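Colleague: I'd like a close look at a single part of this model. Could you walk me through how one helix packs against its surroundings?

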Amino acid sequence: MLRELGFAFPEKLLQGKSDRFGWALSPERTTDLNGVDVAIWTATPDQVAQQTGGVWAKTDTAKQGRGLFIEPKPADYDIAFSFVTQLSIPYVLQRLTPQL
């Protein structure tokens, strides 16, 4: 859905392990997020801090407040973002747009 909305992904982030839902980003590679316009996480800020070993907080992108968190609560936002349907798109856009 993000590509259809005009988001682009840096090529260096698209290398490595992938499945049909996206790419895994190791804690060490979190520094690759330096300089992106926005980093979208499907987790809470605390979860991201824990999963990246604090590396995310040291990036320029994080320091400049350009992290967007699709938090698991309320679950409807997280689910609508992850399982895109014609009915969920308007809801996700209504929530996502102000976060940008």
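Modeller: Here is a close look at helix 3 and its contacts. First, this is a predicted model, where local features need pLDDT of at least 70 and side-chain atom pairs count only at pLDDT 80 or more, while totals for chains, interfaces and linings use all residues. Residues are numbered from 1 along each chain as its sequence is written, and side-chain values use heavy atoms, with hydrogens and water left out.

Helix 3 covers residues 75–82 and helix 4 covers residues 88–99; helices here are DSSP runs (H or I, at least four residues), strands are E runs of at least two, and both are numbered from the N terminus. The two helices pack at an angle of about 110°, with their axes 9 Å apart. (Axes are lines fitted to C-alpha atoms over the stretch in contact, and angles run from 0 to 180 degrees between N-to-C directions.) So helix 3 is roughly perpendicular to helix 4, a label for angles of 65 to 115 degrees.

Who touches whom? From helix 3, Asp76, Tyr77, Ala80 and Phe81 meet Ser88, Tyr91, Val92, Arg95, Leu96 and Gln99 of helix 4, with contact meaning heavy atoms within 4.5 Å. By class, that contact has six nonpolar, two polar and two charged residues.

Now the buried residues of helix 3, meaning those under 20% relative accessible area (1.4 Å probe, protein chains only): they are Tyr77, Asp78, Ala80 and Phe81. They cover an arc of only 165° around the axis, so they sit on the same side of helix 3; the arc is taken from the directions from the helix axis to the C-beta atoms. These buried residues pack against helix 4 and also strand 3 (39–41).

Definitions and conventions. Parallel < 35°, antiparallel > 145°, perpendicular 65-115°, else oblique. Nonpolar A, V, L, I, M, F, W, Y, C, P; charged D, E, K, R; others polar. Buried < 20%, exposed > 50% of the residue type's maximum accessible area, 1.4 Å probe, protein only.
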